[in-house]
Amino acid sequence: MDTMYSESDSNYLDEPPALLEGSLSGSSAPPSPPMLCVDETFVLTVEFKYGSRADYVSLVEYDIGEYVIVEGDRGIDLGLVVEVPSDTGNPTGATVSRLATYDEVLKWKACHGPEQEALQFIRVLVSRHNIPIEVHGAEYQFDRKKLTFHYSTEADHPEFKAILRGCYRAFKCRIWMNNCRPKENDPGIFQPLFVNA
């Protein structure tokens with residue numbers, strides 16, 4: 001069961017391949033987009049932290065290994081292009097905005113510390129409120145408007161209300177509870193149990 005809360009509503013790469021290959025400059029200004037191909041659109045598979053992937057539509061062709069800024073959940077996110085499918089795939093309807101800058105990739109990687117603090121925080125709340133879940137990871141959306149906690153449980157419908165309120169007060173962003181299970185051969189990769197329509 002996926003749950004989101006708002007008042008109004010460890011799988012990191014050591015070195016970004018795009019940085020190593022010089023496709024991003026050291027500048028913090030967004031790079032010029034590659035040449036547009038007006039006659040066609042591309043579907044790119046973008047990977048985020050903890051191995052989650054989604055297909056995005058792009059008017060620009062990007063290479064595997066490049067970091068891109070994509071439409072997030074009411075904001076923006078950053079991910080790594082891992083595949084350029086030969087068919088149209090099953091895109092979410094969301095689009096790739098542009099290539100990520102060097103500074104943005106560094107900022108994205110720097111979220112690891114705050115994510116670990118958030119993970120420790122929610123584990124204390126889970127223990128205090130005796131909620132039958134195991135929280136495996138925390139993941140900020142790039143713009144930090146959303147914080148996802150990846151968890152697993154044997155319970156049918158665990159009650160999150162107390163921890164969601166506590167997390168919202170502490171982190172001042174939308175909180176999403178993603179019911180998942182760690183991959184057997186790589187516990188740093190989470191496989192969702194449910195996919196939202």
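These questions and answers cover a sheet, two cores and one helix of a predicted model.

Local features need pLDDT of at least 70, side-chain atom pairs count only at pLDDT 80 or more, and totals for chains, interfaces and linings use all residues. Residues are numbered from 1 along each chain as its sequence is written, and side-chain values use heavy atoms, with hydrogens and water left out.

Reader: What is the strand order in the open sheet of five strands?
Author: Strands are DSSP runs of E, at least two residues long, numbered from the N terminus; helices are runs of H or I, at least four residues. Two strands pair if DSSP finds at least two bridges between them. Pairing in this sheet is antiparallel, and the order is β3-β2-β5-β4-β6.

Reader: Which are the edge strands?
Author: An edge strand pairs on one side only. That description fits β3 (53-58) and β6 (96-99).

Reader: Which residue of β6 stands opposite Val-68?
Author: Strand β4 covers residues 67-71. It pairs with β6 in the antiparallel sense over three bridges. Opposite Val-68 stands Leu-99.

Reader: How many bridges join β4 to β5?
Author: The two strands run antiparallel. Glu-71 stands opposite Ile-76 in β5. Their hairpin has four residues between the strands, and Arg-74 there takes a positive phi near 60 degrees. The bridges joining β4 to β5 number five.

Reader: What is the bridge partner of Val-46 in β5?
Author: Strand β2 (residues 42-47) runs antiparallel to β5 (residues 76-83). Three bridges join them. The partner of Val-46 is Val-81.

Reader: Which elements give two or more residues to the largest nonpolar core?
Author: A nonpolar core is a set of buried Ala, Val, Leu, Ile, Met, Phe, Trp, Tyr and Cys residues joined through side-chain atoms within 4.5 Å. Buried means under 20% relative accessible area, exposed over 50%, partly exposed in between (1.4 Å probe, protein chains only). This core has 23 residues; Ile-133 and Phe-149 are among those that touch the most other members. The elements are α3 (112-128), β7 (134-140), β8 (146-152), α4 (161-171) and β9 (174-183).

Reader: How many residues are in the other core, with Val-46 and Tyr-56?
Author: This core lies apart from the largest one. Ala-54 and Val-60 are also among its members. Its residues number 14.

Reader: Which residues of α4 are buried?
Author: After α4 comes Lys-172, with a positive phi near 55 degrees. Within α4, Ile-163 is in contact (heavy atoms within 4.5 Å) with residues including Ile-122, Ile-133 and Met-177. The buried residues are Ile-163, Leu-164, Gly-166, Cys-167, Tyr-168 and Phe-171.

Terms used:
Lists of a residue's contacts leave out its neighbours within four places in sequence.
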